[in-house]
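Let's walk through this model together, starting with a pair of charged side chains and then moving inward.

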Amino acid sequence: MDKLYDLEYLDQLADGDESFKNEMIQYFFTNTPKVLDEMKQFLKIEDWVEVRELIHRYIANLNMIGANSIIPVANDLERLAEQELNIEDIPAKWLIIDTFCKELLLELKRDFNSILT
């Protein structure tokens, strides 16, 4: 089964610094649940400006961890929130991202249990 992440980009960034790489994985692991919760709140109150800003910042985290398959969906969500067009599609896009990220966290926990707290 293919991984939901690909650390090739992070490996390039780390340039052999395993401590940095582990810190970035730990950051993604601890930050993602906060992002998911925050996004849920913004969606509930239909604050499209905050939805766009949050997903825009989070896409950088997805890029860092190499979650390449979900990035097009995140880009779509950002575009929809920014343009405030087809906002009825936003919850479905978010559900795809939310589900993916929860699976990704489980996979990271399995693969990096020794560094994740």
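Lysine 3 and aspartate 111 join their side chains in a salt bridge, at 2.7 Å from N to O; the term covers a side-chain nitrogen of Lys or Arg within 4 Å of a carboxyl oxygen of Asp or Glu. This pair ties together distant parts of the chain, 108 residues apart: lysine 3 sits in the segment before helix H1 (8-14), and aspartate 111 in helix H5. Helices are DSSP runs (H or I, at least four residues), numbered from the N terminus. Lysine 3 counts as partly exposed because its relative accessibility is 47%; buried would be under 20% and exposed over 50%, with a 1.4 Å probe and protein chains only.

A word on the model: it is predicted, with local features needing pLDDT of at least 70 and side-chain atom pairs pLDDT 80 or more, while totals for chains, interfaces and linings use all residues. Residues are numbered from 1 along each chain, and side-chain values use heavy atoms, without hydrogens or water.

Helix H5 holds a salt bridge of its own, between aspartate 98 and lysine 102 (2.9 Å, N to O). The two lie 4 residues apart, about one turn of the helix. Aspartate 98 is at 9% relative accessibility, so it counts as buried, whereas lysine 102 is partly exposed at 42%.

Now look inward. The largest nonpolar core (buried Ala, Val, Leu, Ile, Met, Phe, Trp, Tyr and Cys residues joined through side-chain atoms within 4.5 Å) has 38 residues. Helices H2, H3, H4 and H5 each supply at least two of its residues, and H3 gives the largest share, 9 residues.
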